[in-house]
Amino acid sequence: MLTLKRHRFAAAAATLAVTIIVALTTGSAGAGAPMNAMAETVSADTDATDQETARTIDHTKESQTGPGYVIDTRLKLSTVDAQAMREGNKLTGGLIQHAVQKQIEKEELLRQQAEENKREMEEQEKAAARAAMGCSEEDYNTLLRIVQAEAGVCDEKGKILVANVILNRVKSAKFPNTIRGVVYQANQFSPVSNGSINRVHVTEETIECVDRALAGEDYSQGALFFMNRGRSRKGAAGWFDRSLTYLFSHDGHEFFR
């Protein structure tokens, strides 16, 4: 379209030039008025050309190309800005989500490390407590198994009570001075006699209860014996009643001193 405009302007200029030459030749340019009129004619033609160009631009479609057309390159800024905003939001949201996820993973790792450090410290404290009591690793495993065999179906207090009785015997001058010695003393615990002590699966709850007993948690009132009357021979139950002092019962077991 700009090329067409230049062509029209050139044609107008050529016409003006010819008119001026004619006027000079004929002397009609002396008054000056015709020159002004001709200039106004050229200006008007140029303005008309500009207006036609503007109209052409206004009505030109993006798909129209070729001679006599221009491509409307005006940007639809609102559409572009909205798209850029959406893309920017996606990018920003992705970066924020990634940063948040990394922070969560970091905090989770720190939490796990803290828990692991705590467990290690607790194990060290328990090992130190067992060592202070003269409880070897073999003694500890024996205590776990006898508690599981004797009180595996009992509640936590019932498990701790059985462990209390074993530990009370270790402290008593009437019994061996080690856990293994107490548990494997002849004719004392039926799981040893029937071998079930070697077949039990020690649960996490039993481990926790034994550790609590070793740490000093004690409900035994000094008990040195316990029995399950429903599972004991009549003669054995009679001996408990005749020879020992009854203290209390809990979760199927009766405790004596």
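## Aromatic pairs and a β-hairpin

Reading from the N terminus, the elements of this protein go α-α-α-α-α-α-α-α-β-α-β-β. That makes nine helices and three strands. Keep in mind that this is a predicted model. Here's a quick tour, starting with the overall picture and then moving to the rings.

**Overall picture**
- The protein has 257 residues, and 28% of them count as buried.
- About 16900 Å² of the protein is exposed, with carbon and sulfur atoms supplying 55% of that area.
- Take the contacts between residues at least 6 apart in sequence: 63% of them join residues at least 24 apart.

**The β2–β3 hairpin**
- Strands β2 and β3 run antiparallel, and four bridges join them.
- Two residues sit between the strands of this hairpin, where Asp251 takes a positive phi near 50 degrees.
- His250 has His253 of β3 standing opposite.

**Aromatic pairs**
- The count of aromatic pairs comes to nine. One of them is Trp239 with Phe240, an edge-to-face pair with 5.5 Å centre to centre and 90 degrees between the planes.
- The two partners differ in cover: Trp239 is partly exposed, at a relative accessible area of 37%, while Phe240 is buried, at 12%.
- Then there's Tyr246 with Phe256: the ring centres are 5.6 Å apart and the planes sit at 75 degrees, so this pair is edge-to-face too.
- Why does that pair tie together parts that are 10 residues apart in sequence? Because Tyr246 lies in strand β2 (residues 246-250) and Phe256 lies in strand β3 (residues 253-256).
- Is Phe256 buried or exposed? Phe256 counts as buried, since its relative accessibility is 1% and the cut-off for buried is under 20%.
- Tyr246, on the other hand, has a relative accessible area of 44%, so Tyr246 is partly exposed.

**The cluster**
- Both of these pairs belong to a bigger group: Phe175, Phe225, Trp239, Phe240, Tyr246 and Phe256 form one aromatic cluster.

**Charges over rings**
- Phe225, a member of that cluster, has the charged end of Arg169 over its ring, 4.7 Å from the centre.
- Lys157 lies over the face of Tyr219, at 5.2 Å from the ring centre.

Note on methods:
Residues are numbered from 1 along each chain as its sequence is written. This is a predicted model: local features need pLDDT of at least 70, side-chain atom pairs count only at pLDDT 80 or more; totals for chains, interfaces and linings use all residues. Side-chain values use heavy atoms; hydrogens and water are left out. Rings of Phe, Tyr and Trp (its six-membered ring) pair if their centres lie within 6.5 Å; planes under 30 degrees apart count as stacked, over 60 as edge-to-face and the rest as tilted. Buried means under 20% relative accessible area, exposed over 50%, partly exposed in between (1.4 Å probe, protein chains only). A charge sits over a ring if NZ of Lys or CZ of Arg is within 6 Å of the ring centre and within 35 degrees of the ring normal. Two strands pair if DSSP finds at least two bridges between them. Contact means heavy atoms within 4.5 Å. Accessible areas come from the Shrake-Rupley method with a 1.4 Å probe; for residues, only the protein chains shown count as cover.
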